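Here's a quick briefing on how the helices sit against each other and where the charged side chains pair up. Have a look at the model first, then work through the points below.

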Amino acid sequence: MSSKHRTQGDGRDLEITVGQLLLTEYQTLKDEQRARIGFRDNLLYVTLAAVAAVIAAAAQAKQPQILLALPPVCVVLGWTYLVNDEKISAIGDYVRNELGPRLAAAAGSSGTPEVVFRWETAHRSDARRRSRKLIQYAVDQGAFCAVPLAALVVYWVYGGGGALLMGLSVIEALAIAGLAVQILLYTGMLATGER
């Protein structure tokens, strides 16, 4: 396979190398990853604001039924957070295991592929990585699962909103449990602890 491609644009010949294409792909992926990181991190702030607003509204109105708004909000935000986190990790994995080696080969590097985009692997070897991942797991479970579950418990104890709302609260509890399982599975803590 040729490492250069010619293209006709506005009458001029341009040479585009495979290395240039790979670097462009890298930059595009890193831009997407950066945007997803910002969006993902803001989801925690949005969740905290939503929790505060719902709790304040329920307390002010003295209506525990308002707390039933919290589980769907937290589940949707938690799922969006999880999906974005997965894509962020997938981009990093692709850069480390696919793009880096291909760029090293295109550059004619005689060393190992890890010399390309070294940061993509270096930051993963931190001695405190596992403890940070465990803390992040606890934060994710707390923000997206424990808080809305606590809201349901308060509703169950003080709510008394009838069979329809009780049935809705049970469905919400199942959705929270489903998200909690997905967060656990995603972290990989049960298997290798790597993510």
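D31 is partly exposed, at 37% relative accessible area, and its side chain forms a salt bridge with that of R34, 2.9 Å from N to O. Bear in mind that this is a predicted model. The structure has 7 salt bridges, and three of them are picked out here, followed by two helix packings.

**Salt bridge within α1: R34 and D31**
- R34 and D31 both sit in helix α1, 3 residues apart, which puts about one helical turn between them.
- R34 comes out as exposed, because its relative accessible area of 52% is over the 50% cut-off.
- D31, at 37%, is partly exposed.

**Salt bridge from α1 to α2: R40 and D85**
- The side chains of R40 and D85 meet in a salt bridge at 2.5 Å, N to O.
- This one links distant parts of the chain, with R40 in helix α1 and D85 in helix α2, 45 residues apart.
- Are these two partners buried or exposed? R40 counts as buried at 14% relative accessibility, and D85 counts as buried at 12%; both fall in that class because the cut-off is under 20%.
- There's a network here as well: salt bridges with shared partners join R40 and D85 with D41.

**Salt bridge from α1 to α2: R102 and E25**
- R102 and E25 bring their side chains together in a salt bridge, with 3.7 Å from N to O.
- R102 belongs to helix α2 and E25 to helix α1 (residues 18-61), so the pair ties together parts of the chain that are 77 residues apart in sequence.
- R102 is partly exposed, with 39% relative accessible area.
- E25 is partly exposed too, at 25% relative accessibility.

**How α2 packs on α5**
- Helix α2 (residues 70-106) packs on helix α5 (residues 163-187) at about 15°, and the axes are 10 Å apart.
- That angle makes the two helices roughly parallel, because anything under 35 degrees counts that way.
- The crossing of α2 and α5 is left-handed.
- Which residues meet at this contact? On the α2 side they are P71, P72, C74, V75, G78, W79, L82, D85, E86 and S89, and on the α5 side E172, A175, I176, L179, Q182, I183 and Y186.
- Sorted by class, that contact has 11 nonpolar, 3 polar and 3 charged residues.
- D85 does double duty: it is part of this contact with α5 and also the salt-bridge partner of R40.

**How α4 packs on α5**
- Helix α4 (residues 129-158) and α5 pack at an angle of about 165°, with 10 Å between their axes.
- α4 is therefore roughly antiparallel to α5, since the angle is over 145 degrees.
- α4 and α5 also cross in a left-handed sense.
- From α4, the contact draws on Y137, D140, Q141, F144, C145, P148, L149, L152, Y155 and W156.
- From α5, the residues involved are L165, M166, S169, E172, A173, I176, L179, A180, I183, L184 and T187.
- The class count for this contact is 16 nonpolar, 3 polar and 2 charged residues.
- Some α5 residues appear in both packings, among them E172, I176, L179 and I183, which meet α2 and also touch α4.

Notes: Residues numbered from 1 in each chain as written. Predicted model: local features only at pLDDT ≥ 70, side-chain atom pairs only at ≥ 80, totals over all residues. Heavy atoms only, no water. Axes fitted to C-alpha atoms, helices over the stretch in contact; angles between N-to-C directions. Helix = DSSP H or I, 4+ residues; strand = E, 2+ residues; numbered from the N terminus. Parallel < 35°, antiparallel > 145°, perpendicular 65-115°, else oblique. Left-handed = near helix turned anticlockwise from the far one by under 90°. Contact = heavy atoms within 4.5 Å. Nonpolar A, V, L, I, M, F, W, Y, C, P; charged D, E, K, R; others polar. Salt bridge = Lys/Arg side-chain N within 4 Å of Asp/Glu carboxyl O. Buried < 20%, exposed > 50% of the residue type's maximum accessible area, 1.4 Å probe, protein only.
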